[in-house]
Amino acid sequence: MDRECVSLLPRVCEVLAASGSSLPDDTSLEKLLDWFTEVTKAGTSLLESCPCLLEFISSVVHNTTLDPSILSFTLRLSGLVAVTEDAFTVLQQSSVLDLVFNLQHWQEAGLWEDPCIRIGWIQGLRTMMQHPKALGFFVQADFLKPLLQLQTDKSLFVASAANQMLAHVLLSCQSVSSVESNGVDEEGEDVGRSSGSIADLEYPAITVETNQDYAAVVTAISECLKKSLVPRKNSQLHQSLQILKLLALLLAQTRAPLWEKLLQMVADSVYELLAAGYSQLVLPLMDVILAAHSDLVHTAQSARVLLLPLDIITGLNLLTTTADEQQFSMVEQLKNKTSCISMICVCLTNTPQITLTAADCLPCPPVLIVTAVLSLLRLCSGDFSSSSSSSSSCRDVSRNIIGSSKVQKCALEALIALSGSPGVEVKLPEVVTLLVQYLDNPHSDPTVLHKSYQALVRWMSVCSDLSSITDQHRQDLLQVATKRSCDIRWEVRDSTVEFLGRLAGVSVVQTTAEEVSDASVALLGGCCFTTPLLRAALQDPESYVRASAISALAQTLAASWQQGAALTQEHTEIVNQLLEVLSRDTEGFARRAVVRYFIAWLSSRSSHSSPPPLASSSLLMPSVRSVLSRGSADLDWEVKVHTLELAELLLHEAFSGQRGYMKGNPTQTHPYAVIPDTLHTRTHNEEDVVGELNSLVQWGVVSALLSGLVDCDRPVALRACRLLMTLREVVCPLSLGALDATAAMAMVAKVTCELPGCGWAREIRKMLATKAKDAERGCSVGEVVDCDDCGEAGQEAASGGGQTPCVSVCEVLRSLDLDERLDVLTRSSDHVHNSPFSLLQDILTASSAHSQPDTQQEVIVDCY
Amino acid sequence: MKLYCLSGHPTLPCNVLKFKSTTIMLDCGLDTTSVLNFLPLPLVHSPRLSKLPGWVSKDGTINLEKRELLDLSTIDVILISNYHCMMALPYITEHTGFTGTVYATEPTLQIGRLLMEEVVNFMERVPKAQSATCWKNKEIQRMLPGPLKDAVDVWTWKRCYSMQEVNSALSKVQLVGYSQKVELFGAVQVSPLSSGYSLGSSNWIIQSHHEKVSYVSGSSLLTTHPQPMDQSSLKNSDVLILTGLTQMPTANPDGMLGEFCSNLAMTIRAGGNVLVPCYSSGVIYDLLECLYQFIESASLGTTPFYFISPVANSSLEFSQIFAEWLCHNKQTKVYLPEPPFPHAELIQTNKLKHYPSIHGDFSSEFRQPCVVFTGHPSLRFGDVVHFMELWGKSSLNTIIFTEPDFSYLDALAPYQPLAMKCVYCPIDTRLNFHQVSKLLKEVQPLHVVCPEQYTQPPLTQSHRSDLMLELQPPPMPYRRCSVLNLPFRRRYERVYILPELANSLVPSEIKPGVSVATVSAVVHSKDNKHTLQSVPKPPPVAPSKKRKRVMDEPPVVMTPKPLLSGAVPLEAFLATLQKHGITEVKVEETADGHILHLQAEDTLIQLEEDGTHIVCDNNEPLRTTLRDLVLRFLQKL
């Protein structure tokens with residue numbers, strides 16, 4: 001903990017204990033608590049480092065006239081302080097603890113009515129409940145009863161906190177007792193809690209005693225669950241709802257044997273609830289069933305319940321037998337539009353999970369479930385031709401989902417997830433037919449279309465064997481993709497373009513040749529179909545679509561890049577078009593995508609094993625050069641960051657394998673870390689370095705990095721700074737001493753780059769000039785080496801106008817104080833403002849302003 | 001109150017309402033689907049069509065049977081709700097003895113006239129040398145091939161009217177504005193309300209002092225160009241006649257518009273032409289507006305759009321001058337001032353060009369690929385026939401159907417085999433079942449009358465129970481030639497009372513807040529208005545010896561007998577009887593009151609709530625005495 005903060009804390013405590021009304025703003029207490037939590041998590045004992053807190057707590061607890069927010073804060077703080085056993089003992093011995101959590105105390109003061117006191121009490125207790133002593137305290141004080149009452153508190157926050165707390169109590173009982181049993185077995189199994197000391201010899205008596213406590217708590221809670229689960233009258237519905245929520249929470253987190261015990265206790269009540277069919281309770285009940293699902297006996301049962309709505313609506317016999325009353329009650333539920341839609345959605349969300357359970361638990365094979373989802377999707381679009389249910393009640397139910405985008409989206413998501421289920425590949429043709437129908441349907445919502453595309457890509461990638469896809473499918477898909485690329489809604493055009501790109505990334509096996517190709521080729525005939533569509537999309541008025549088109553082009557062309565295919569006229573045209581976009585487009589998205597396109601191209605080239613064909617290179621490198629110059633001059637910071645990424649790629653390509661080159665962030669490596677041998681053993685060929693550095697300068701990489709360094713956007717400057725440091729480590733590490741130390745170094749030092757007289761270069765020159773001045777004063781480091789036709793030093797370069805002076809790259813790298821700059825850049829701009837010290841100071845200032853009303857100035861808080 | 005249903009077509013209704021001595025025709029839509037049974041009328045000789053095998057019969061004169069549900073000459077007024085629903089007007093107002101008035105809004109009249117002119121023009125420019133009617137005879141029709149044999153009501157098919165008939169029919173139209181109240185013979189008041197479907201389209205309220213009938217025809221809740229629908233004025237109707245719902249309940253107009261645009265763009269990008277068969281007014285305005293926005297985004301800036309119709313120019317210009325009939329957005333544009341529809345800009349920038357026909361200027365400026373909007377949507381006549389012949393053979397071209405009135409497959413039949421792509425995006429902005437059930441919930445009419453088609457799901461989608469009207473009480477369905485007795489009885493009539501007569505009345509209060517007076521007066525009825533006037537004093541007997549005419553005889557004035565009110569209290573009455581020496585009274589309680597048996601006099605007195613009877617045989621003095629005793633307890637008016 002910061003010493004400065006510790007010194008301020010006593011005064012802050014005084015201020016808080018005196019009155020809370022003078023706080024700078026209402027988040028201060030939360031911030032303070034956050035800071036304390038952080039400190040505690042870091043392993044510092046609050047009580048040891050700030051003894052004033054004990055005094056603060058005991059004084060506040062006695063002063064019930066204080067602002068409730070301060071009291072609530074104190075409750076939570078007490079819990080936090082008592083989180084360690086030692087501190088807990090101290091608090092208990094000073095009899096503060098008993099008073100802090102004494103319900104009667106707060107009730108008598110008339111403060112219990114305030115929900116912030118109640119929530120403070122719950123949260124304080126909850127924070128404290130990390131060790132058996134706290135649990136013992138909890139049991140002895142008999143807090144269980146009030147906690148159960150708070151579960152149905154009129155404040156939702158309090159009720160939910162109480163629920164969480166109950167779950168927490170039960171869970172901590174579980175972990176403690178399991179530690180206990182393990183301790184007996186002498187098995188040091190890790191139970192996820194760091195302190196195995198609970199069963200230590202130090203507290204043998206307590207352990208036995210607390211163990212009984214745990215049992216009592218567990219029994220009490222589960223008794224209560226059992227008792228309150230089924231509402232006796234309508235007014236108790238809320239209680240049942242809360243209990244169900246708690247149960248779902250518990251079942252999801254507890255383990256055997258507690259889990260089994262719980263389930264055993266409540267099973268009957270849950271069945272009773274199921275049969276009673278309270279409409280308000282259906283959804284939480286489903287949650288409980290889902291949470292109970294992990295056990296085999298109940299899996300079959302819950303799968304049946306979850307599949308029932310699907311069974312009823314589609315009329316497919318998913319469940320061979322169903323109790324009539326269960327079916328009837330479900331149909332009644334489904335006749336209500338709202339509950340029908342939410343129920344179907346819950347059902348759909350869980351179907352994929354159901355298909356993954358053991359085959360003997362499944363009421364029907366996964367294929368049938370896929371059939372049902374497909375049938376449901378058909379019903380949603382008003383197509384009843386395949387529906388096998390004919391009863392009027394089922395018709396009443398089905399009409400609720402016609403045209404519902406929500407159900408359509410859920411069903412499509414389910415379809416996506418179901419693609420991985422065993423044995424569903426046979427459904428591929430049917431799935432494709434349906435998805436194409438959805439894509440063609442003029443009434444499909446843009447989000448539904450998006451999901452349909454996703455589903456199509458997903459099924460293509462899972463079922464890599466496309467032999468079952470007919471020519472008709474291909475033709476339909478071609479038609480529909482063309483149509484959708486002209487859609488009136490940009491979202492749809494965007495999804496379409498994205499889809500075309502994604503498809504190119506999926507590799508599949510075609511029937512005839514057994515050749516592996518990408519799905520775009522297999523389904524749409526590849527580039528000859530997609531490229532013209534994508535090129536047309538480059539003209540789209542919506543920038544998102546243009547951006548997606550550019551990335552899709554990159555995905556489509558990736559194959560030809562990797563194969564090193566010869567350049568086509570079309571390719572050249574595309575590149576020109578993209579460069580045009582980079583310099584002309586008004587929107588950042590499209591320009592970012594262009595830079596990413598070249599990154600993809602360049603990296604596919606670098607990953608390519610054989611040397612790149614000349615033709616491709618002849619187009620790529622000049623374009624990369626213009627991308628670097630245009631990209632680093634862009635107004636959008638993300639474009640600039642992407643440009644730096646491109647520069648990094650070039651840097652990597654030039655120096656990977658050179659000594660001193662480390663990909664990524666050089667500062668992230670620990671100063672004492674062992675540098676891998678490979679880096680040392682590589683021969684350090686100075687001539688290579690000179691050559692590479694020269695080409696980097698020529699491509700504009702160095703200019704891009706330097707302009708990035710002085711950029712006003714922090715992420716840009718930070719990245720540029722790191723890359724420059726990497727470069728420095730390779731070409732002229734500071735550790736090697738003066739630049740002319742060796743002949744080779746002298747050669748490297750001769751490599752120069754231009755610093756034109758405007759913009760970023762002027763900034764760099766100014767920095768160099770300042771550095772040179774300092775150097776003169778301090779009389780160290782070498783001078784700036786200029787090329788022949790320019791002046792002597794950086795100063796002159798800085799003042800020199802019209803000409804384009806050159807400077808030595810190494811000299812620049814060494815003189816720029818990159819390390820110091822990195823330090824500044826890594827700090828966030830609000831690091832001062834957000835520090836705990838500043839918070840404490842604010843509280844003190846506000847209180848002094850408050851206590852001296854004459855000098856008080858209106859503090860205007862900007863809320864936006 | 002009766003409703004005669006002359007049309008079975010739910011969107012082209014023609015109903016006659018008899019209400020309080022008036023006969024009102026509600027719309028007269030013309031179902032032109034029968035033209036699909038004919039071959040297209042090409043402007044130039046078409047060798048393909050003329051080579052089709054023919055069927056020849058000798059034409060003679062056979063009197064076609066006539067079936068009339070009611071005499072059209074008895075119709076007092078015709079209310080027109082929109083320009084699509086008035087196309088049969090000349091058939092009704094001409095040569096039938098019709099002498100009434102037609103009410104319509106100005107845009108309805110003007111655009112209706114354009115549509116009629118267009119049809120007449122299309123027909124008259126390709127005159128037929130001969131005509132035959134004999135085949136309409138049932139016996140002969142039965143021998144005809146194919147679908148013609150099965151066509152129903154062929155006898156009702158008529159020749160197209162002439163321009164002269166159109167002019168004569170339209171001269172009977174009287175213009176009305178929204179919410180304007182028009183008195184019909186003092187009996188009922190009719191008033192058009194904005195229906196939101198097309199320029200000047202209206203629903204009608206027909207009401208008397210105590211009854212209200214609403215007539216809802218083509219209406220729309222979508223935000224298109226017309227003024228929004230006035231829903232609140234439909235409230236409190238006794239009967240709501242509901243027609244003109246969307247013909248495409250499963251096709252949402254927005255989706256169709258999107259489909260239209262993407263297919264159009266797709267075709268143009270591939271180098272093909274787009275043909276849009278459409279009416280010259282209505283949805284085309286919205287299509288042009290949508291395309292105006294879409295052109296840029298789909299990079300169609302250089303593609304020419306042609307609108308070819310004899311009335312193209314007038315239609316485009318009329319739409320711009322009816323500002324007061326447009327939606328709020330468009331109205332405000334007029335004040336800027338800007339043309340309310342963006343097609344003005346399309347014309348200015350030469351992106352949209354319009355021509356009266358394919359002759360003349362068009363043929364010299366025609367450039368492909370292009371988009372052509374032209375009529376008639378049935379593909380049987382008009383310039384569209386020419387384009388079908390021109391473009392039908394290339395698979396690059398696309399025909400996009402936007403009008404829902406004709407089955408596109410039937411429309412295309414005579415052009416088969418066709419290489420051209422066909423896209424069906426019917427755009428029908430009229431109310432769908434969801435919207436109408438919401439509307440009815442809002443306005444809560446006591447009874448709903450609608451075409452029988454709306455009371456069951458469409459035939460092709462029998463499981464879609466959401467595509468029908470479900471109301472409580474269920475709607476009264478009608479079909480062609482139905483005569484419905486509308487389910488409400490008129491109970492009240494308003495009668496005015498003249499001030500001097502009112503002055504002479506002497507009301508007496510019979511219970512707090514209720515006063516009663518007797519009135520003697522003469523009812524004077526004129527123009528369905530009833531007035532109570534004082535009874536004229538008998539003129540002094542004329543000394544003339546002229547023969548009196550019965551009519552001149554003034555009514556005999558008699559002072560009316562006083563009216564009695566009140567109840568006879570049993571105890572008090574018994575006491576009074578006793579006072580008058582009648583002591584032996586046996587009281588018997590009945591359901592309505594009491595029976596008093598005066599045993600000595602052998603007389604019965606029945607005291608009931610609404611009457612008192614004294615039954616005594618041949619004892620007039622006793623009866624009179626008893627009567628006077630009873631009268632003592634009653635009030636006289």
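**View 1. Helix α13 of chain B lies across four strands of a sheet.** In this predicted model, helix α13 covers residues 384-391 of chain B. The strands beneath this title are β12 (274-277), β13, β15 (371-374) and β16 (398-401) of chain B. Helix α13 of chain B runs at about 150° to β12(B).

**View 2. Six parallel strands make up an open sheet in chain B.** The strand order is β14-β13-β15-β12-β16-β17. The edge strands are β14 (352-355) and β17 (421-424) of chain B. Each of these two pairs on one side only. On average, neighbouring strands of the sheet are turned by 20° against each other, direction ignored.

**View 3. Strands β13 and β14 of chain B run parallel, with helix α9 packed on the sheet.** β13 spans residues 305-308 of chain B, and four bridges join this strand to β14(B). B:Tyr306 stands opposite B:Lys353, a residue of β14(B). Helix α9 (residues 312-321) of chain B touches both β13 and β14 of chain B. The direction of helix α9 makes about 125° with that of β14(B).

**View 4. Four strands form an antiparallel open sheet in chain B.** The order is β27-β28-β29-β30. β27 (585-589) and β30 (611-615) of chain B stand at the edges. Each has a single partner strand, so one side of each is left without a neighbour in the sheet. Neighbouring strands of this sheet are turned by 15° against each other on average, direction ignored.

**View 5. Strands β28 and β29 of chain B pair in the antiparallel sense.** Six bridges link β28 (residues 593-598) to β29 (residues 603-608). B:His597 faces B:Leu604 in β29(B), standing opposite this residue. Helix α17 (residues 570-579) of chain B packs on the sheet. This helix touches β27, β28 and β29 of chain B, and its direction makes about 15° with that of β28(B). Helix α18 (residues 620-632) of chain B lies across β28, β29 and β30 of chain B. Helix α18 runs at about 160° to β30(B).

**View 6. Chain B and chain A meet in an interface.** Chain B gives 23 residues to the contact, and chain A gives 20 residues. The area buried between the two chains is about 1,800 Å². Carbon and sulfur atoms give 59% of this area. B:Met266, B:Arg269 and B:His463 supply 28% of the area that chain B buries against chain A, more than any other three residues.

**View 7. Salt bridges and polar contacts cross the interface of chain B and chain A.** There are two salt bridges across this interface. In a salt bridge, the side chains of A:Lys483 and B:Glu259 meet at 2.5 Å, N to O. Four residue pairs are in polar contact across the interface, both residues at pLDDT 80 or more. On the chain B side, α7 (253-269) and α8 (283-297) are the elements that give two or more residues. α7(B) gives the most, with ten residues. The chain B side that touches chain A divides into seven nonpolar, ten polar and six charged residues.

**View 8. A salt bridge joins two helices of chain A.** The side chains of A:Arg378 and A:Glu430 meet at 3.1 Å, N to O. A:Arg378 belongs to helix α20 (residues 366-380) of chain A. A:Glu430 belongs to helix α23 (residues 428-440) of chain A. The pair links distant parts of the chain, 52 residues apart. Over all chains, the count comes to 37 salt bridges.

Terms used: Residues are numbered from 1 along each chain as its sequence is written. Chains are lettered from A and ligands numbered from 1 in the order in which they are written. This is a predicted model: local features need pLDDT of at least 70, side-chain atom pairs count only at pLDDT 80 or more; totals for chains, interfaces and linings use all residues. Side-chain values use heavy atoms; hydrogens and water are left out. Contact means heavy atoms within 4.5 Å. Buried area is the accessible area (1.4 Å probe) that two parts lose on being put together, summed over both. A salt bridge is a side-chain nitrogen of Lys or Arg within 4 Å of a carboxyl oxygen of Asp or Glu. A polar contact is a pair of N or O atoms within 3.5 Å; within protein, one must be able to donate a hydrogen and the other to accept it, and residues adjacent in sequence count only if both atoms are side-chain atoms. Ala, Val, Leu, Ile, Met, Phe, Trp, Tyr, Cys and Pro count as nonpolar, Asp, Glu, Lys and Arg as charged, and the others, Gly among them, as polar. Two strands pair if DSSP finds at least two bridges between them. Axes are lines fitted to C-alpha atoms, for helices over the stretch in contact, and angles run from 0 to 180 degrees between N-to-C directions.
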